[in-house]
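Welcome! Take a moment to look over the chain before we walk through it together.

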Amino acid sequence: MTEVISTELQQQLDKRYGAGAPIADGVGNETLEVLLRHRTTRRFLPGTVSDTELRLIIAAAQSASTSANFQFTSVVVVDDPALRNRLAELAGGQQLVRDAAVFLVWVADWSRNIAIATEHGHSIEATAYLDSAVSSIVDVTLSAQNAAVAAESLGYGITFVGALRNNIDAVIAELRLPQWTFPVYGMAIGVPDPADPADIKPRYGQSVVVHRNTYSPPAAADVQDYLDRINAYYREQELPADWAKNRLAGRISTKESLHGRQHIRRTFGNQGFELR
Ligand SMILES: Cc1cc2nc3c(=O)[nH]c(=O)nc-3n(C[C@H](O)[C@H](O)[C@H](O)COP(=O)(O)O)c2cc1C
């Protein structure tokens with residue numbers, strides 16, 4: 001019988017995947033541990049992120065790959081408490097927006113590159129197409145995730161705050177975002193409260209998400225395995241356990257469950273993106 005040495009990485013894999021977890025088999029390093037340890041932090045203790053740490057977090061963000069080196073990411077650091085409070089309300093009343101040491105708004109930003117092109121007398125026909133929005137949002141997301149990992153590697157916790165898009169026009173007005181920009185989400189960064197019971201959250205098994213050469217639909221039993229594990233996770237957290245009903249259907253069954261986000265196409269248009 002092969003004895004599996006219990007490393008932190010293996011424990012993280014077990015929490016992520018349950019009985020069918022991949023075996024780390026001696027492979028591992030600090031980077032993988034930081035990545036696999038991720039859990040969203042929704043309860044913060046008082047505390048600060050130093051200016052140096054924030055600059056390094058942003059440097060990590062700017063170090064991500066970027067489409068055509070266009071560097072579409074802008075980030076607004078919100079440290080005015082009154083503004084934080086208003087953003088918290090606009091994001092569905094999320095207290096974590098107020099409590100976090102740092103609150104960032106990640107912005108997909110074509111404005112600099114369009115200004116350079118037009119100042120140099122070039123047309124910008126291609127920016128009218130949907131791919132301009134897609135490519136800038138992809139860029140922002142790579143940057144933001146790098147920032148998240150950097151912050152977590154320093155011992156902080158993070159929450160992405162997509163709910164900022166519930167009231168996107170008000171967020172644009174509050175932050176005075178110009179044409180050719182679009183706020184994608186916020187990010188709270190701060191000192192995690194160790195009393196928070198949230199833990200590493202299960203994900204679909206790799207047999208569900210990995211396809212070899214061509215796509216094959218997942219086996220029903222493998223999907224059910226995930227549902228069983230995620231429901232067990234929520235039961236442990238003493239939260240409503242029916243993921244398909246409470247978490248999935250609750251978010252996709254009606255347009256009203258988008259809480260205002262059903263209108264963001266109009267906002268893209270107002271910001272200059274034709275999405276042709
Ligand atoms: C783009 C994006 C937006 C999110 N928005 C919110 C949010 O507004 N509020 C919140 O509490 N969590 C938010 N989350 C966190 C997700 O709910 C969380 O990542 C998911 O449930 C998985 O849990 P984990 O990160 O702990 O593994 C968001 C995550 C992403 C990627």
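Before we visit the ligand, one idea is needed: a residue is near a molecule if its C-beta atom, placed from the backbone, lies within 6 Å of it. Please also keep in mind that you are looking at a predicted model.

With that idea in hand, we can list the surroundings of the ligand. The residues around the ligand are H38, R39, T40, R42, Q94, T159, F160, V161, G162, A163, Y185 and K201. Which strand gives the largest share of this shell? Strand β4, covering residues 157–161, does so with three residues. By character, the shell holds four nonpolar, five polar and three charged residues.

Now step back to the chain as a whole. The chain is divided into domain 1, spanning 7–37, and domain 2, spanning 40–193. Taken over C-alpha atoms, the centres of domain 1 and domain 2 are separated by 29 Å.

Next come two pairs of helices. Two packed helices are described by the angle between their axes and the distance between the axes. Start with helix α4 (residues 81–90) and helix α8 (residues 168–175), whose axes come within 10 Å and cross at roughly 170°. Angles over 145 degrees count as roughly antiparallel, so α4 is roughly antiparallel to α8. On the α4 side, the contact is made by L83, R86, L87 and L90, which meet A170, V171 and E174 in α8. The residues of this contact between α4 and α8 divide into five nonpolar, no polar and two charged.

The other pair is helix α3 (residues 51–62) with helix α7 (residues 130–153). Their axes come within 7 Å and cross at roughly 140°. How are α3 and α7 placed relative to each other? With that crossing angle, they are oblique to each other. The crossing in which α3 passes α7 is right-handed. From α3, the residues L56, I57, I58, A60, A61 and Q62 take part in the contact, and from α7 come S143, A144, N146, A147, A150 and A151. This contact of α3 with α7 divides into nine nonpolar, three polar and no charged residues.

Conventions
Residues numbered from 1 in each chain as written. Predicted model: local features only at pLDDT ≥ 70, side-chain atom pairs only at ≥ 80, totals over all residues. Domains from an automatic or database assignment. Helix = DSSP H or I, 4+ residues; strand = E, 2+ residues; numbered from the N terminus. Nonpolar A, V, L, I, M, F, W, Y, C, P; charged D, E, K, R; others polar. Axes fitted to C-alpha atoms, helices over the stretch in contact; angles between N-to-C directions. Parallel < 35°, antiparallel > 145°, perpendicular 65-115°, else oblique. Contact = placed C-beta atoms within 7 Å. Left-handed = near helix turned anticlockwise from the far one by under 90°.
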